[in-house]
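Colleague: Could we go through the strands and helices of this model together, one step at a time?

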Amino acid sequence: MREITYSEAVREALSEAMRENEDVFMLGEDIGVYGGAFGVSRGMVEEFGQERVRSTPISESVIAGASVGAAMTGMRPVFEIQFSDFVTIALDQLVNQAAKIRYMYGGKAKIPLVMRTPGGSGTGAAAQHSQSLENWTAHVPGLKVIQPATAYDAKGLLHAAIEDDNPVMFYEHKLCYRTTSDVPEGKYTIPIGVADIKKVGSDVTVIATGIMVHKALAAAELLAEEGINIEVVDPRTLVPLDKQTIIASVSKTGKAIVVTEAVKRSGFSAELASVIAESECFDFLDAPIIRLAGKEVPMPYHPDLEKKAVPQIEDIVAACRNLMGKG
């Protein structure tokens, strides 16, 4: 175990996978000599060469389409969309090709590709480079969707994604890149579709995704000083979703808060809330389910407004206090 950053953990997983399997290769905008917009692939072109770390033109639909074709021939492409906002340009290839081909070919074709993309706010990148659109791909049957919050989870889940024979969407929050955690040396995998309880608690279940996991844990420390013990559940994988871990936690605490950065309207927070409302744990609820999510506005450029557009630590603290009758 060593303590490394999230971005280092992703780079390790990519490098280990490429050393192990020559069918694995990378493509995307500026991922070669430049090392990627956030430096995740820095130094990899020197080890693997430009044939396997391919910098592409600025054309997300071509990047995704080429990856679909390569995957159908037996390669295992890992392609990077520089900002998750630009997944919109690649949606035709992802939604109508990658997600459908295995089904339409009766299982005779496989699509072992991984799309990596950084998303979210907090860097002052404004409205066109700060969106959280993971719910868009989570809506599509045939696509697996992963959103790891920690370096440990990112490395293990990326290895699992690269080995999967289905298309996997891998969302990395930009603010997570500099966070650190203990990560084993060498390869390990984390099963896709298994949630993780980041903190055990008894009073309130907080289900958080992406960077909101870190904010929930920070809120938990503040609430502990007031005698409120919250449990933090990180789904890690949106599709397939580990419903049983969520149901078991809410059944224990009787209170649920869902925290995501994506816009609240039609966001994945609604899916998480419906899992609770439609399950047996609904009978254990002592209070309504609370959803904390992004405001229904384009992401502002000004840092103060940017913070107000998405949930913060104090919002989670206030919601927990209210559920406990201490607001």
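Modeller: Two strands are said to pair if DSSP finds at least two bridges between them. The model we are looking at is a predicted one, and with that rule in hand we can turn to its strands.

Colleague: In which sense do β10 and strand β13 pair?

Modeller: Strand β13 covers residues 256–263, and I207 of β10 stands opposite V258 in β13. Four bridges link β10 with β13, and the sense of their pairing is parallel.

Colleague: Is β10 largely enclosed by the rest of the structure or not, and how many of its residues are buried?

Modeller: A residue is called buried when its relative accessible area is under 20%. V204, V206 and A208 point one way from β10, while T205 and I207 point the other way, and all are buried. Strand β10 (residues 204–208) is therefore largely enclosed by the rest of the structure, the number of buried residues being five of the five.

Colleague: What is the handedness of the β-α-β crossover from β10 to β11?

Modeller: Strand β11 (residues 230–234) runs parallel to β10 and is joined to it by four bridges, with E231 of β11 as the bridge partner of T205. Between these two strands the chain passes through helix α8, residues 211–224, and the handedness of this β-α-β crossover is right-handed.

Colleague: Which strands stand at the edges of the open sheet, each with a single partner strand?

Modeller: The open sheet has five strands in the order β9-β11-β10-β13-β14, and its pairing is mixed. On average, neighbouring strands of this sheet are turned by 25 degrees against each other, direction ignored. One side of each edge strand is left without a neighbour in the sheet, because each has a single partner strand, and these edge strands are β9 (196–199) and β14 (290–294).

Colleague: Which residue of β11 is the bridge partner of K199?

Modeller: Strands β9 and β11 pair over three bridges, and they do so in the antiparallel sense. In β11, the bridge partner of K199 is V232.

Colleague: Leaving the sheet, how many nonpolar, polar and charged residues has the contact of α9 with α10?

Modeller: Helix α9 (residues 243–253) packs against helix α10 (residues 268–277) at an angle of about 65 degrees, with the axes 10 Å apart, and α9 passes α10 in a right-handed crossing. K243, I246, I247 and V250 of α9 make the contact together with L272, V275 and I276 of α10. Sorted by class, the residues of this contact are six nonpolar, no polar and one charged.

Conventions. Residues numbered from 1 in each chain as written. Predicted model: local features only at pLDDT ≥ 70, side-chain atom pairs only at ≥ 80, totals over all residues. Heavy atoms only, no water. Axes fitted to C-alpha atoms, helices over the stretch in contact; angles between N-to-C directions. Left-handed = near helix turned anticlockwise from the far one by under 90°. Contact = heavy atoms within 4.5 Å. Nonpolar A, V, L, I, M, F, W, Y, C, P; charged D, E, K, R; others polar. Buried < 20%, exposed > 50% of the residue type's maximum accessible area, 1.4 Å probe, protein only. Right-handed = clockwise from strand over helix to strand, strands pointing away.
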